[in-house]
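Trainee: Could we walk through this structure together, one question at a time? I would like to practise reasoning from the picture to an answer.

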Amino acid sequence: MSEPSRRPRKPAKPYRRPQKDPVRFLAFEALRAVDERDAYANLVLPPLLRKAREKGDFDARDAALATELVYGTLRRQGTYDAVIAACVDRPLREVDPPVLDVLSLGAHQLLGMRIPTHAAVSASVELARVVLGDGRAKFVNAVLRKIAQDDLAGWIEKVAPPYDEDPEDNLAVVHSHPRWVVSALWDSLGGGRAGIEELLAADNERPEVTLVARPGRSTAEELLREESAVPGRWSPYAVRLAEGGEPGAVEAVREGRAGVQDEGSQLVALALANAPLDGPDEKWLDGCAGPGGKAALLAALAAERGAVLLASEKQPHRAGLVARALRGNPGPYQVIAADGTRPPWRPGSFDRVLVDVPHPGLDALRRRPEARWRRRPEDLEDFAPLQRALLRTALDSVRVGGVVGYATCSPHLAETRAVVADVLKERPETELVDARPLLPGLPALGEGPDVQLWPHLHGTDAMYLALIRRTA
């Protein structure tokens, strides 16, 4: 009896070494630094890109893709976490962070970019093979294939609770913000659904790069000669760079005659500089001057009037940044490292005082999208005593008839109006000055006398300003 014939086995596929994609590998490196070291992407990414360019691995298109992968993934992290959670068989906290980073990068390519599905999945799986190994790459492949079965709108409909049942949770998932941040922003903004949705959407947009021409050293006209430059919206010293514009390529920036500064920050300095005074206008103070953007503008404005600026910053290394920003100022100035709550100067020494107080970081959510995931409501409580102490010292430091500007790049009521109201309750010898006329042309400034700027209304960071005159 003859033996049954056997089918010949197919030869096993030879093992293929994973191919390293420099762009996606760099994006993964940046996300790991953000997660492991609590680094900020805007500090981590530029040196990584510079190194890649020096090695010859990157061109401008590669750099743009890596930047979008990093920032887009961080901005949409809350939404992508909800989608990934629906596609895995374990709680998200049990997924190893490096695996979650690869999944999030893949989700952004599938749901937030115009990358074909096959290319997004295969590139992400290849990245997983490089950084995680073949075993976990299979898990990544399975999850991303599930995610690829629907688009972003379809997934949001599945994973976000209905707005009518839980509006804050709905907005948190749809617009990728922690629920408590949604609640805090909504309280500060007031109004209905449309306004808060516009604000949250603006937080997820890529912000423009804005330059400031420092008076006496540069002009907006000079900066507008740059190929990608367009005029600022509100500040006479502001120039915006179109998408892809590189500040380091601008000669005036390299020489320190101009700087990178959000228009909201410029407006705060201008409003304080233009606030009406009773009496002399000779001595100005920036009491929380680091890293130096507002101080550089104030020093230049002071020099035009024959006044002098004292820039004080508690941290010596940040005081060094202030000194660098002010270097070359056309008029006299001084930079010191000092604690603003225990100042070395005498009370009543200054005509104008700016105190831009420290805060937990709910300010530039467009520029530092990872900050929204790091902060907790209790962080605000830790800063509250310091913010009040700095405002008290600022009011002590200004002379009778002089003006204090209390500023913070935060829209949270606990850091803005609550601080001002509490301190002024203790100080009957003060009065609020209406800041709105000092910001000509800006719409939607509210009932005053203080001012809150908003990304969706003004195209600026969420700067707050209260101007306070000492009357006795």
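Mentor: Happily! Keep in mind that this is a predicted model. Let us begin with Arg427, which lies in the loop between helix H19 (417-426) and strand E10 (430-433).

Trainee: Is Arg427 buried or exposed?

Mentor: Let us use its relative accessibility, which is 14%. The cut-off for buried is under 20%. Arg427 therefore counts as buried.

Trainee: Which residue's backbone oxygen does the side chain of Arg427 reach?

Mentor: Start with the neighbours: leaving out residues up to four places away in sequence, Arg427 touches Arg392, Leu395 and Asp396. The backbone oxygen at 3.5 Å from the side chain of Arg427 belongs to Arg392.

Trainee: Now a helix, please. How far apart should the ends of helix H6 be, and what distance do the end C-alpha atoms show?

Mentor: Helix H6 covers residues 117-131, which makes 15 residues. The expected span is 1.5 Å times one less than the number of residues, so H6 should span 21 Å. The end C-alpha atoms agree with that, being apart by 21 Å.

Trainee: Which helices do the buried residues of H6 pack against?

Mentor: Many residues can be named here: the buried ones in H6 include Ala120, Val121, Leu127 and Arg129. Past the end of the helix comes Gly133, with a positive phi near 100°. The packing partners of the buried residues are helix H1 (22-37), helix H5 (97-111) and helix H7 (134-147).

Trainee: Let us turn to charges. How far apart are the closest N and O atoms in the salt bridge of Glu36 with Arg32?

Mentor: Side chains of opposite charge can pair when their charged atoms come close. Both Glu36 and Arg32 lie in helix H1, four residues apart, about one turn of the helix. An α-helix has 3.6 residues a turn, so residues three or four places apart point the same way. The closest N and O atoms of Glu36 and Arg32 are apart by 3.3 Å.

Trainee: Which of these two, Glu36 or Arg32, is buried?

Mentor: Compare each value with the cut-offs, under 20% for buried and over 50% for exposed. Glu36 has 59% relative accessibility, so Glu36 counts as exposed. With a relative accessible area of 9%, the buried one is Arg32.

Trainee: How many residues apart in sequence are the parts tied together by Asp38 and Arg374?

Mentor: The side chains of Asp38 and Arg374 meet in a salt bridge, 3.9 Å from N to O. Asp38 sits in the loop between H1 and helix H2 (41-55), and Arg374 sits in helix H17 (residues 371-374), so the parts they tie together are apart in sequence by 336 residues.

Trainee: What is the N to O distance in the salt bridge of Asp351 and Arg399?

Mentor: Both Asp351 and Arg399 are buried. Their side chains meet in a salt bridge, with an N to O distance of 2.4 Å. This pair links distant parts of the chain, 48 residues apart: Asp351 is in strand E8 (residues 350-356) and Arg399 in strand E9 (residues 398-408). So to answer you, the distance is 2.4 Å.

Trainee: One last question: how far apart in space are Gly216 and Asn329, C-alpha to C-alpha?

Mentor: Gly216 is in the loop between strand E1 (209-213) and helix H12 (220-223), and at 65% relative accessibility it counts as exposed. Gly216 and Asn329 are 113 residues apart in sequence. In space, their C-alpha atoms are apart by 7.9 Å.

Note on methods: Residues are numbered from 1 along each chain as its sequence is written. This is a predicted model: local features need pLDDT of at least 70, side-chain atom pairs count only at pLDDT 80 or more; totals for chains, interfaces and linings use all residues. Side-chain values use heavy atoms; hydrogens and water are left out. Helices (H or I, at least four residues) and strands (E, at least two) are DSSP runs, numbered from the N terminus. Buried means under 20% relative accessible area, exposed over 50%, partly exposed in between (1.4 Å probe, protein chains only). A polar contact is a pair of N or O atoms within 3.5 Å; within protein, one must be able to donate a hydrogen and the other to accept it, and residues adjacent in sequence count only if both atoms are side-chain atoms. Contact means heavy atoms within 4.5 Å. A salt bridge is a side-chain nitrogen of Lys or Arg within 4 Å of a carboxyl oxygen of Asp or Glu.
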